[in-house]
Amino acid sequence: MSNHFDQMEYAIQTNGLSKKYPAFTLNDINLTLPSGCIMGLIGENGAGKTTTIKLLLNAIKKSSGSVLVLGHDTTEKDYHTVKEEVGVVLDEVSFPENMKAKQVHKVLKNTFRNWDSAAFAEYMTRFDLPDDKPFKAFSKGMKMKFGLTCALAHHPRLLILDEVTSGLDPVAREDVLDILSDFTRTEEHSILISSHIVGDLEKICDYIAFFHKGEELLCEEKDRLLEEYSLIQCSREQLLELDPKAIVGSRENSYGVNALVKKLGVPETFHLSPVTLEEIFVYMVKDH
């Protein structure tokens, strides 16, 4: 796989990306996020999502593999200039506790060359955030919305978001998802987002990557995933009649067996039910 590509084609590309810690290894991560698209990272706590995000931001050093962000290798000497075009909101949004939003604004407008004060004010209003309240008085949801406001106000080409919808009520979550969808209507804008709320990712993502215990189980177009897999309910005997390669995972209960299957490997005599991303992930991980 080439380590060079047209930066207009891909926002992120990792090749064999690994990070080894004494008690955890992130192993052989291969992600490809085309420009203008949204990729969701799904995985349990400790699966490697946040480690991957830190590697993309060059916040930690990789053990092996390559990382390209907006067409630039993260080990380049001038990579800090590329970071200007990346908006970041991490799981724990942190600003000095006694700082007020208007003070943060003053600092950031002198930090980012593309800072847009009007856009900052617009998002502050849209999220109903106070500009004269200390950051320590913000709820978790307000902190997330403020982090997103700051990330969007310097007009990034790529957003990297870690659990950005956590702590938000359903109405605020919908508003954030609408903003993210609007952001990628511009072809050169892209988003990488991790979330435990898989339903949110199913609504907005074009691509999905499943992480489990430091491994990447898959990285695929969302629509193709939902088209490829289905759920069936049958007896244990009926399940045994199927090609084992068509069965991804199964759960037995008092009514029989529920199984995640690949549609193409199942005879037409079986009733196929639609599946969600969360169901695909749970069945894949259960026996992995």
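**A three-stranded sheet and a helix pair**

In this predicted model, strand β13 (residues 247-253) and strand β14 (residues 256-262) run antiparallel and are joined by six bridges. The two strands form a hairpin, with two residues between them. Within this pairing, N253 stands opposite G256 of β14.

Strand β14 also has a partner in β12, with which it pairs in the antiparallel sense over six bridges. Here Q233 is the residue that stands opposite N258 of β14. The three strands thus make up an open sheet in the order β12-β14-β13, with antiparallel pairing. Its edge strands are β12 (229-234) and β13, each of which pairs on one side only. On average, and with direction ignored, neighbouring strands of the sheet are turned by 15 degrees against each other. Helix α10 (residues 277-286) packs on this sheet and touches β12, β13 and β14. The direction of α10 makes about 90 degrees with that of β13.

A further packing arrangement involves two helices. Two packed helices are described by the angle between their axes and the distance between those axes. For helix α3 (residues 101-109) and helix α4 (residues 117-126), the angle is about 150 degrees and the axes lie 11 Å apart. Angles over 145 degrees count as roughly antiparallel, and α3 and α4 are therefore roughly antiparallel to each other. The crossing of α3 past α4 is right-handed. On the α3 side, A101, H105 and K109 make the contact, while α4 contributes S117, F120 and M124. By class, this contact comprises three nonpolar residues, two polar residues and one charged residue.

Conventions:
Residues are numbered from 1 along each chain as its sequence is written. This is a predicted model: local features need pLDDT of at least 70, side-chain atom pairs count only at pLDDT 80 or more; totals for chains, interfaces and linings use all residues. Side-chain values use heavy atoms; hydrogens and water are left out. Axes are lines fitted to C-alpha atoms, for helices over the stretch in contact, and angles run from 0 to 180 degrees between N-to-C directions. Helices (H or I, at least four residues) and strands (E, at least two) are DSSP runs, numbered from the N terminus. Angles under 35 degrees count as roughly parallel, over 145 as roughly antiparallel, 65 to 115 as roughly perpendicular and the rest as oblique. A crossing is left-handed if the near helix is turned anticlockwise from the far one by less than a right angle, and right-handed if clockwise. Contact means heavy atoms within 4.5 Å. Ala, Val, Leu, Ile, Met, Phe, Trp, Tyr, Cys and Pro count as nonpolar, Asp, Glu, Lys and Arg as charged, and the others, Gly among them, as polar. Two strands pair if DSSP finds at least two bridges between them.
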